[in-house]
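Here is a short report on one protein chain. It moves from confidence to fold, then to selected side-chain contacts.

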Amino acid sequence: MKKYKRLLLMAGLVGLIIVLSGCGTGEVSAQSTGIWDRYIVYYFAEAIKALSFGNVGIGIILFTIIIRVILLPLMHFQTKSMRKTQELQPKLKAIQQEYSSKDPETQSKLREAQQRLYAENGVNPYAGCLPLLVQMPILMALWQSISRVPALSQGHFLWLNLGNADPTFILPVLAAIFTFASTYLSSMSQVESNASLKVMNFAMPVMILVMGVNLASGLSLYWVVSNAFQVFQTLLINNPFKIKREREEEAQRIREKERALRKAQSPKKKRKK
């Protein structure tokens, strides 16, 4: 299941790069045709302009925050699902050891046992991919709005021409840093260390950095605000430091209970002698 999830994530990111580089470049306006240009890209641009208060950069920041707030229930659902999946890791590992043979029959039994475990605990292993799939069209529409609607592509914010890449690389670097912070904080709550997750902790920021350097700085601004929001959200509703402390306290309670049980059984053994 994890392999499929990682493959879907990577395929989605690669697909995003391809789509962003291959989408139309013509100007989008109220006279544009097609569902994507007329009803998605155009209205994204209109929403940003309505929130701009005279500065497109402010419009992108406010638009990003609103999108993140709208997606908050979905992200909360993802967080709960991922935490449940993490708690099941010891049981999943035991099942994998039980059905370790690579023959087709044993592998079929392994998949059935895993699905049964997920169903019994109300866990959907694919739930973690849902926010990514929802955000990708938003990201593409935002990039198209910034690059194809003159009011946005010609906008300025601080030192930035929002339709062009950041010449100082400050925003791409900040976007990469916040992306790393977000993924790292999420990985801290894992029950067991995962080599592929560690790779993603570094691969994701690098991909964000490369795209930020080459694409419109308005998109980098979106990434900075969005991932900074994600860091705050993680610390607020899925704080890894709190989760680790709770697990340590639970482990300590279990050890104390076992110690008390052994102590209670010890006099009985002596009396028997």
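## Confidence

What pLDDT does the protein chain average? The model is predicted, and its average pLDDT is 75. Of the residues, 80% score at least 70.

Confidence varies between elements. Helix H1 (residues 2-22) has the lowest mean pLDDT, at 51. Helix H3 (residues 56-70) has the highest, at 87. Where pLDDT is low, predicted coordinates should not be read in detail.

## Overall fold

The protein chain has 12 helices and two strands. In sequence order the pattern runs α-α-α-α-α-α-α-α-β-β-α-α-α-α.

The chain holds 273 residues, and 40% of them are buried. Among contacts with a separation of 6 or more, 75% join residues 24 or more positions apart. The accessible surface is about 15,700 Å². Carbon and sulfur atoms supply 63% of that surface.

## Annotated transmembrane regions

Which residues does the record mark as transmembrane? The unreviewed UniProt entry gives the annotation "transmembrane region" to residues 54-74, 169-187 and 199-225.

How do the annotated stretches look in the model? Residues 54-74 are 86% helix and 0% strand. The end C-alpha atoms of that stretch lie 32 Å apart. Residues 169-187 are 95% helix, again with 0% strand. Here the end C-alpha atoms are 27 Å apart.

## Aromatic pairs

How many aromatic pairs does the structure hold? The count is three. One of them joins Phe44 and Phe63 in an edge-to-face arrangement. Their ring centres are 5.3 Å apart, with 65° between the planes. The pair links distant parts of the chain: Phe44 sits in helix H2 (residues 35-50) and Phe63 in helix H3, 19 residues apart. Both rings belong to buried residues: Phe44 has a relative accessible area of 17%, and Phe63 has 8%.

Another pair, Phe180 with Tyr184, is stacked. The centres are 5.7 Å apart and the planes differ by 15°. Why can these two residues meet along one helix? Phe180 and Tyr184 are four residues apart in helix H9 (residues 170-188), so about one helical turn separates them. Phe180 is partly exposed at 29% relative accessibility. Tyr184 is also partly exposed, at 42%.

## The salt bridge

The structure holds one salt bridge. Side chains of opposite charge can pair when their charged atoms come close. Here Glu46 pairs with Lys49, and the closest N and O atoms are 2.7 Å apart.

Both partners belong to helix H2. They are three residues apart, so about one helical turn separates them. Are the partners buried or partly exposed? Glu46 is partly exposed, with 28% relative accessibility. Lys49 is partly exposed too, with a relative accessible area of 33%. Helix H2 thus carries this salt bridge as well as Phe44 of the edge-to-face pair.

## Thr234

Thr234 lies in helix H11 (residues 217-237). Is Thr234 buried or exposed? Thr234 is buried, because its relative accessible area is 5% and the limit for buried is under 20%.

Which residues touch Thr234, beyond its neighbours within four places in sequence? The contacts are Leu185, Ser186, Asn239 and Pro240.

Technical notes. Residues are numbered from 1 along each chain as its sequence is written. Side-chain values use heavy atoms; hydrogens and water are left out. UniProt positions are given in the numbering used here, feature names are shortened, and annotations may be inferred rather than shown by experiment. pLDDT is the predictor's confidence in each residue, from 0 to 100. Rings of Phe, Tyr and Trp (its six-membered ring) pair if their centres lie within 6.5 Å; planes under 30 degrees apart count as stacked, over 60 as edge-to-face and the rest as tilted. Buried means under 20% relative accessible area, exposed over 50%, partly exposed in between (1.4 Å probe, protein chains only). Contact means heavy atoms within 4.5 Å. Accessible areas come from the Shrake-Rupley method with a 1.4 Å probe; for residues, only the protein chains shown count as cover. A salt bridge is a side-chain nitrogen of Lys or Arg within 4 Å of a carboxyl oxygen of Asp or Glu.
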